[in-house]
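Colleague: Got a minute to go through this one with me? I'd like to start inside one chain and then step out to the partner.

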2 protein chains.
Amino acid sequence: MKIAINRESSVPMTEQIVSAMEQWIRSREAHAGAKLPSIRRLAEECGISRFPVIEAYDRLVSLGYIESRHGSGFYVSGRIAKLERCGASDPRRAEEESNYILQQFNHPGDTLKLGSGFIPEAWRDMDGIAQAVRHVARTDHGSLIDYATPLGNAALREHLQARIAPLGIRADASQILITSGASQAVDLIVRYMLRAGDTMFVEDPGYYNLFGLLKLHGVNVVGIPRTASGPDIEVLQAELQRHRPRAVFVNTVFHNPTGTVVAPSVAFRLLQLAHEYDFTIVEDDIYADFQADTTDRLAALDQLERVVYIGGLSKTLSSSLRIGFIAASRKIVKDLGDVKMLTSISGSPFAEAVALTMLERGAYRKFLERLRRRMTDALGATTSTLEAHGWQLFAPPVGGKFVWARVPHIDDPQRLMACASESGVIIAPGSYFRPHGEPSPWIRINAAYAQDRRAHAFFERAGQLDAEAPTPPVRERALIA
Amino acid sequence: MKIAINRESSVPMTEQIVSAMEQWIRSREAHAGAKLPSIRRLAEECGISRFPVIEAYDRLVSLGYIESRHGSGFYVSGRIAKLERCGASDPRRAEEESNYILQQFNHPGDTLKLGSGFIPEAWRDMDGIAQAVRHVARTDHGSLIDYATPLGNAALREHLQARIAPLGIRADASQILITSGASQAVDLIVRYMLRAGDTMFVEDPGYYNLFGLLKLHGVNVVGIPRTASGPDIEVLQAELQRHRPRAVFVNTVFHNPTGTVVAPSVAFRLLQLAHEYDFTIVEDDIYADFQADTTDRLAALDQLERVVYIGGLSKTLSSSLRIGFIAASRKIVKDLGDVKMLTSISGSPFAEAVALTMLERGAYRKFLERLRRRMTDALGATTSTLEAHGWQLFAPPVGGKFVWARVPHIDDPQRLMACASESGVIIAPGSYFRPHGEPSPWIRINAAYAQDRRAHAFFERAGQLDAEAPTPPVRERALIA
């Protein structure tokens, strides 16, 4: 092993040594137990002072790559294989994961975003929000400049509490924490509950942004297949023999990306296993407001004992307001509130007041009624069109935005992407929704965009694809959200 | 050691074992090298399955409390003393730190918040902000519902870039990242730059919320005394012989809590040391807009090579908008943008548009001119009053909000707090601003609140305190921000 230090580089010398060593060790050229050059020798070889070498070795020890043996020197650690399995990643390598998300912001203007995670702008209640904004600006000057209270606006928390009560989730106001979007909710829970090297089970396919966050945090991500009725309980049981997850993440209703709902029997088994194997269930219910007729929530069955529940208004009301929330036991809400305060001080009282105004005035309820009717119509029409063109559905859509579908004889998603591109459509290929980017023949379709003639052209063209034809090259990147 | 497991508790068994062991080890009853009961034996003794014991031991190993010796069992780690020194804390114990912050939200209605970190509501530009809010709600509907772009509003980034250019900081728009308040800026930098066990140097006294965040993150926090001209360079050099900090945090202008400004010679030495010892300087400049006549910024001298610069609008324009920003090298901004996306998706385009409107229309500039005049007058008057009553100033105030002062013969801050309480005033005692809550006879005074007759009464009464009198009990808690 030879390390070349670049003194002109803006990368600190310590960093250069750490990466060179990391690469060497990860490349498997270094076997476990191999001895490293002494600090003095490496410093001499590189022609640098010993400080950066000392720090680099310190960091490599704390990263688990090398071990210090007292009086004897430094050795390549035997734990590398374990580290590799855990997928513990460097925060400085968040790039790949965030690229997936980045694409949702790069809108080629005239392309149909058929894989989008959002509802169309025209379906939102712009006037209602604009009115609420003006109302708050006029009547609540303090909210324009102050910090928010630690748990968030008390009246808004009461409204959120009243919204989950009909789902059967009993929580008092001290069990609700307002967050900056459901994203902060997930982030706070991950920071609170998991340490680097811990294991979390996620659904496969599932919410891709979570996968990136967990990897950033150094968490071992294990995928459990998502069936039409929820996480596959048999696989879950088998994986519980191999891992001790601290938490299992489940998107109960109108699951992203399959659009399915967890069946009551599956919910019950999940909770039984949570007790038996002592893990927490993080229930993601951010699509709750798309649902008219209530189905079982894990948090309702369990009454927030082993379930931490996440909701939010970004998918319906507005992503800009950044209003999400957590419902959990008093103890957990208090602790998460402390973490929220240390990491972000507070949310925006203005955004909280605007959301509250929408809930109070009933504008949100009326908006949701319209939205659900629209979504139901769009889902029905999309299903018919897809079936007419020979597509296969993962499950009959029951609500929400998403249809998870494939062309039966086409296994290579590149072919669908190329076909989409020719029709002026960008799609969200299935691999994006898999914990480690594994291949998938499925794509996510947002029914709200599927009535466009470009979508119809794509469905028809893709349905006629020849199973045997070679894969054409794809220029454009897919778009997801 | 005997562990009593409570099967009725909502606390998972693993958690119960981990806390009991932690307490035992921290209590020093356990000496380094002491052997722990085997997994089988502990499970039997507690009458539970082995799974929670296995997980508890795993977690204690990863926390550094115990070590596994192959084929021999588990032993109390020799690293406990080191851990204690590092102050590495469990995220689940963020409580104590966040309590400090919490107090700022608990406003006893009729008490004067003399230690507050905010300017009074009457000093803010409420009408300006309300107008900007209505303007954006009317003209930019997309901002009411969309996510923001990854780095934040491009036009706002250009305005922020133009604001730091006169300070001598040259950054193009790809070097500016908008954050949800300066708090998210600090949090992103900590997550990006530091790992548990790393060391960061902070100023003592300094920004207390940072201390809590660093401890939450498991970072070793080392305080460097803050003199009237910046961090004490001699102490810094001495500490650099003992530690290898990855970063040093410096609040350059109108330092919180002392109100002082880093002198050019100190800035130069800091940067020299950063090169020599290979660390990054995190320059906190959130009070920049209180300054009329520019002084040297570290980021200007260094041109963002080793300096990551933090600014924001919370201290002047509005805390509710949650607008902060980072200026750094392109590489760091790109990486921090990736971390921002994975952890929060995006900021609020509405808040960004409102801030932009204030900057574009010149409303913010006019507001700042008024604010600076007011602050200058308030600082002058506060200084005279304090001196008239025999108080000692840490340094002659040169700007900003804060005066760091004490009564020369009174060492016990409890006596000042009691005296404040009698005058209807709550103060921010010095220990809050010290990295590990060390005692301090100083208090932070916000000059904007110091013209109130209750403040005058407190200054007078405290100046007359008898050095020999016993400490009275204090009922009310102090208030800071």
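Colleague: How much area do domain 2 and domain 3 of chain A bury between them?

Modeller: Bear in mind that this is a predicted model. Of the area buried there, 62% is on carbon and sulfur atoms. On the domain 2 side, A:R372, A:F433 and A:P435 lose the most area to domain 3, together 21% of what that side buries. The total for domain 2 and domain 3 of chain A is about 2,700 Å².

Colleague: Which side chains meet in a salt bridge there?

Modeller: The rule finds 1 salt bridge across the interface of domain 2 and domain 3 of chain A. Its N to O distance is 2.8 Å, which means it falls within the 4 Å cut-off. The pair is A:R434 and A:D204.

Colleague: And which element gives the most to the side of domain 2 of chain A that touches domain 3?

Modeller: α5 (95–102), α16 (363–388) and β13 (402–406) of chain A each supply at least two residues of that side. The top contributor gives 7 residues, and that's α16(A).

Colleague: Now the partner: how many salt bridges are there between chain A and chain B?

Modeller: Here 78 residues of chain A are in contact with 77 residues of chain B. The two chains bury about 7,200 Å² between them, 58% of it on carbon and sulfur atoms. A:D187 and B:R191 meet in a salt bridge at 2.8 Å, N to O. The count between chain A and chain B is 4 salt bridges.

Terms used: Residues numbered from 1 in each chain as written. Chains lettered and ligands numbered in written order. Predicted model: local features only at pLDDT ≥ 70, side-chain atom pairs only at ≥ 80, totals over all residues. Heavy atoms only, no water. Contact = heavy atoms within 4.5 Å. Buried area = accessible area lost by both parts, 1.4 Å probe. Helix = DSSP H or I, 4+ residues; strand = E, 2+ residues; numbered from the N terminus.
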